[in-house]
Amino acid sequence: MPYIYSNSEYVDMLLIYGEVGKSNRLAAALYQQRFPHRKSPAPKTFQNVENCMRRTGRLPNGDLGTVRQNVVNEQQEVEILASISINPHVSTRILAHEIGLSKTTIHRILKKHKLYPYKVSLVQGLRPIDYEKRLTFISKMCVLYELDRFIFSKILFTDESKFCNNGIMNRRNSHFWSEQNPEWMHETQHQVKWNINVWCGILNGQIIGPYFYDGNLTGKLGIISKIQYTAYESVVMS
């Protein structure tokens with residue numbers, strides 16, 4: 001693994017490199033003379049550091065504000081694990097800044113201890129009374145299944161959804177790659193609003209619908225009931 005210099009060491013290299021008129025050989029000799037206890041970089045390193053700064057605006061470590069260390073001691077590992085234990089949502093960037101290590105090192109330590117960044121799962125919110133209702137439903141379905149092994153193929157599962165012309169657009173995930181500004185616009189917050197409801201069902205592995213209807217769901221319960229009955233009858237009789 002190549003030696004990783006700290007940002008302070010890279011800055012000293014740049015200063016010395018400019019002081020000797022950008023001579024790799026003289027810069028390496030002067031650096032070794034001024035910092036005898038440091039690791040002596042190869043002459044070509046001085047020019048590489050300057051090229052990296054001109055090309056990317058950053059030191060080779062990639063972070064101007066963090067001093068990178070190549071060796072991680074046991075205390076730093078304990079600090080990282082303790083921080084994760086206290087706040088499992090903390091970012092590696094914050095850990096790197098607080099402890100003084102690179103994000104790559106933080107990732108390596110976390111992986112070493114079998115810690116991985118899991119994403120949150122969105123689930124349906126339940127009220128306290130919903131748990132008892134679900135247990136009751138499961139109990140009833142278990143009894144019905146014992147009486148009829150094909151009970152689930154006879155149940156019509158349905159769902160409804162409402163669509164409108166004032167939906168939310170996530171600008172963060174929407175891009176238009178172009179050499180010039182295309183003045184890309186997306187109309188929203190219309191003064192004239194409309195919406196449409198969609199009903200769909202599944203019965204015995206077959207999709208029923210979708211059926212579209214205008215207006216609010218409250219005033220269309222009779223239509224939905226008729227659709228459900230017609231759909232159920234068509235599948236059962238087929």
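Is lysine 114 buried or exposed? Lysine 114 is exposed, with a relative accessible area of 64%. That residue is a handy way into this predicted model, whose 238 residues include 24% that count as buried. The secondary structure comes to 8 helices and 3 strands, and the points below walk through folds, bridges, surface and pocket in turn.

**Overall layout**

- Reading from the N terminus, the elements run α-α-α-α-α-α-α-β-β-β-α.
- Among the helices are α3, covering residues 43–56, α4, covering residues 74–86, α6, covering residues 103–112, and α7, covering residues 128–147.
- The strands are β1 at residues 157–164, β2 at residues 195–203 and β3 at residues 206–214.

**Backbone details worth a look**

- Lysine 114 sits in the loop between α6 and α7, and its phi is positive, about 60°, although it is not a glycine.
- Asparagine 204 is a second residue other than glycine with a positive phi, in this case near 55°.
- The place of asparagine 204 is the loop between β2 and β3, and this residue counts as partly exposed because its relative accessibility is 47%.
- The peptide bond that runs from glycine 209 to proline 210 is cis, with omega near 5°, and proline 210 belongs to strand β3.

**Strand residues and their distant partners**

- Asparagine 195 lies in strand β2, and its C-alpha atom is 5.4 Å from that of phenylalanine 163, although the two are 32 residues apart along the chain.
- With a relative accessible area of 27%, asparagine 195 is partly exposed.
- Serine 161 lies in strand β1, and 8.9 Å separates its C-alpha atom from that of cysteine 200, 39 residues away along the chain.
- Serine 161 has a relative accessibility of 35%, so it counts as partly exposed.

**Salt bridges**

- Searching the whole structure turns up 8 salt bridges, and three of them are described here, starting with a pair inside one helix.
- Arginine 54 and glutamate 50 meet through their side chains in a salt bridge of 3.3 Å, N to O.
- Both residues belong to helix α3, and because they are 4 residues apart there, about one helical turn separates them.
- The two ends of this bridge have their own surroundings: arginine 54 counts as exposed at 62% relative accessibility, while glutamate 50 is buried, with a relative accessible area of 12%.
- Lysine 112 and glutamate 77 also meet in a side-chain salt bridge, at 3.1 Å, N to O.
- This pair links distant parts of the chain, with lysine 112 in helix α6 and glutamate 77 in helix α4, 35 residues apart.
- Here again one partner is exposed and the other buried: lysine 112 has 54% relative accessibility and glutamate 77 has 16%.
- Aspartate 148 pairs with lysine 154 in a salt bridge whose closest N and O atoms are 2.8 Å apart, and lysine 154 is partly exposed, with a relative accessible area of 45%.
- Salt bridges with shared partners also join Lys22, Glu50 and Arg54 into one network, so the helix α3 pair of arginine 54 and glutamate 50 has a further partner in Lys22.

**A nonpolar patch on the surface**

- Tyr145, Phe152, Phe157, Ile202 and Ile207 make a nonpolar surface patch of about 500 Å².
- One of these residues, tyrosine 145, lies in helix α7.
- Tyrosine 145 has 31% relative accessibility, so it counts as partly exposed.

**The largest pocket**

- The volume of the largest pocket is about 470 Å³.
- The lining of this pocket is made by 13 residues, and those closest to its centre are Pro88, Val90, Tyr116, Pro117 and Tyr118.
- Sorted by class, the lining has 8 nonpolar, 4 polar and 1 charged residues.
- Helix α6 gives the most to the lining, contributing 3 residues.

Methods. Residues are numbered from 1 along each chain as its sequence is written. This is a predicted model: local features need pLDDT of at least 70, side-chain atom pairs count only at pLDDT 80 or more; totals for chains, interfaces and linings use all residues. Side-chain values use heavy atoms; hydrogens and water are left out. Patches are made of residues with over 30% relative accessible area and no salt bridge: like charges are joined within 9 Å, nonpolar side chains (Val, Leu, Ile, Met, Phe, Trp, Tyr) within 5 Å. Accessible areas come from the Shrake-Rupley method with a 1.4 Å probe; for residues, only the protein chains shown count as cover. A salt bridge is a side-chain nitrogen of Lys or Arg within 4 Å of a carboxyl oxygen of Asp or Glu. Helices (H or I, at least four residues) and strands (E, at least two) are DSSP runs, numbered from the N terminus. Buried means under 20% relative accessible area, exposed over 50%, partly exposed in between (1.4 Å probe, protein chains only). On a 1 Å grid over the protein atoms alone, a cavity is a set of points where a 1.4 Å probe fits but cannot get out, and a pocket is an open set with protein on both sides within 12 Å along at least five of seven lines; lining residues have an atom within 4 Å of a point. Grid points are joined across faces, edges and corners, and a volume is the space filled by probe spheres set on the points. Ala, Val, Leu, Ile, Met, Phe, Trp, Tyr, Cys and Pro count as nonpolar, Asp, Glu, Lys and Arg as charged, and the others, Gly among them, as polar.
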